[in-house]
Amino acid sequence: MRDLIIEDFECKYSILVLSSCNITVWDNKFTRFSKKILSKEERNMINLTYFQKSMIVGILLSDGHIEKNNGWNARIRIEHSIKNIEYIWYVYNQLSVLVNAIPLLIKRKFRAKIFYSLAFRTRQLLCLNEMYELFYDNSTCKKKIIKPDLFHYMNYITLAYWIMGDGSKLGNGIILCTDSFTLKEVILLMNILKIKFDVDSSLHFRYSVSPKDRKTLLNKGEKIARIYINGSNFNKIKYKIKPFFTKDFLYKL
């Protein structure tokens, strides 16, 4: 099965699509501090830097959301627990040229407990359409998917933000919670990790409902595939991704 997925990449490994000669506008007039409403021409002048693009791909691999209505450009929404305030503020500052408002405090009640989070979303921008097209297609516009093209966007920055957002420490290794992706997509991600970083990984399965609840369901719950990277393989990438971690997520390394 793994070899079958690898063949989908054909001979495109050496292509670096993140290279660009576009000028990225960083003038203060495009930030939230002085101008909330931009003209179409001004919005279209905004481009993503290499770091921003890598960061966004990693965030979208985990718990970031991107949406695009018919006839409009894409925009990204990012939300994290208030416990990770250092992380969310760092991400916000890195992407501040794309937004026009500060993060909002969100209050939710779940099972009689109160939870707080911080959230912000970007403007609807032409430069974000590329990110939308990387994770969505016309037939599954409401669900993120993994495409072979992701191979060209994967780097240590992307990997760091993927792990910060959806990684869970397990012994000396790490579990990547790929719950929203299909088994084939998870195997595709495993192959990208192997080819890009020489990291071997394995599949771990969990059920979408608790064992107690499964007894009352006819389908007995759905098995969900996750990626496990053991300690020796995780050590191969730790020192490469650590510089991109915020302090509140260093415990995952």
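This note sets out points on the helix packing, one strand residue and the largest pocket of a predicted model.

1. Helix 6 against helix 7. Helix 6 spans residues 156-166 and helix 7 spans residues 183-197. The two pack with their axes 12 Å apart, at an angle of about 140°. Angles over 145 degrees would count as roughly antiparallel and those from 65 to 115 as roughly perpendicular, so helix 6 and helix 7 are classed as oblique to each other. Their crossing is left-handed. On the side of helix 6, the contact is made by Tyr156, Leu159 and Trp162, and on the side of helix 7 by Leu189, Leu193 and Phe197. By class, this contact has six nonpolar residues, with no polar and no charged ones.

2. Helix 6 against helix 9. Helix 9 covers residues 231-241, and its axis comes within 9 Å of that of helix 6, with a crossing at roughly 105°. Helix 6 and helix 9 are therefore roughly perpendicular to each other. From helix 6, the residues in contact are Tyr156, Leu159, Ala160 and Ile163; from helix 9, they are Phe234, Ile237, Lys240 and Ile241. The division by class is seven nonpolar, no polar and one charged. Tyr156 and Leu159 of helix 6 thus appear in the contact with helix 7 and also in the contact with helix 9.

3. Helix 3 against helix 4. Helix 3 (residues 50-61) packs on helix 4 (residues 85-94) at an angle of about 135°, and the axes lie 11 Å apart. These two helices are therefore oblique to each other, and their crossing is left-handed. Phe51, Gln52, Met55 and Ile59 of helix 3 meet Tyr87, Tyr90, Val91 and Gln94 of helix 4. The contact has six nonpolar and two polar residues, and no charged ones.

4. The surroundings of Arg226. Arg226 is located in strand 8, which comprises residues 223-229. Its C-alpha atom is 7.2 Å from that of Val186, although the two residues are 40 apart along the chain. Once neighbours within four places in sequence are set aside, the contacts of Arg226 include the run Ile175, Leu176, Cys177, Thr178 and Asp179. Ser202, Leu203, His204 and Arg206 are also in contact with Arg226. Val186, for its part, falls within the range of helix 7, residues 183-197.

5. The largest pocket. The volume of the largest pocket is about 290 Å³. It is lined by 15 residues, of which Leu38, Arg43, Trp72, Arg123 and Gln124 are the closest to its centre. The most is given to the lining by helix 2 (residues 40-45), which supplies three residues. By class, the lining has six charged, six polar and three nonpolar residues. By contrast, the contact of helix 6 with helix 7 has no polar and no charged residues.

Note on methods: Residues numbered from 1 in each chain as written. Predicted model: local features only at pLDDT ≥ 70, side-chain atom pairs only at ≥ 80, totals over all residues. Heavy atoms only, no water. 1 Å grid on protein atoms, 1.4 Å probe; cavity = no way out; pocket = protein on both sides within 12 Å on 5 of 7 lines; lining within 4 Å. Points joined across faces, edges and corners; volume = space filled by probe spheres on them. Helix = DSSP H or I, 4+ residues; strand = E, 2+ residues; numbered from the N terminus. Nonpolar A, V, L, I, M, F, W, Y, C, P; charged D, E, K, R; others polar. Axes fitted to C-alpha atoms, helices over the stretch in contact; angles between N-to-C directions. Parallel < 35°, antiparallel > 145°, perpendicular 65-115°, else oblique. Left-handed = near helix turned anticlockwise from the far one by under 90°. Contact = heavy atoms within 4.5 Å.
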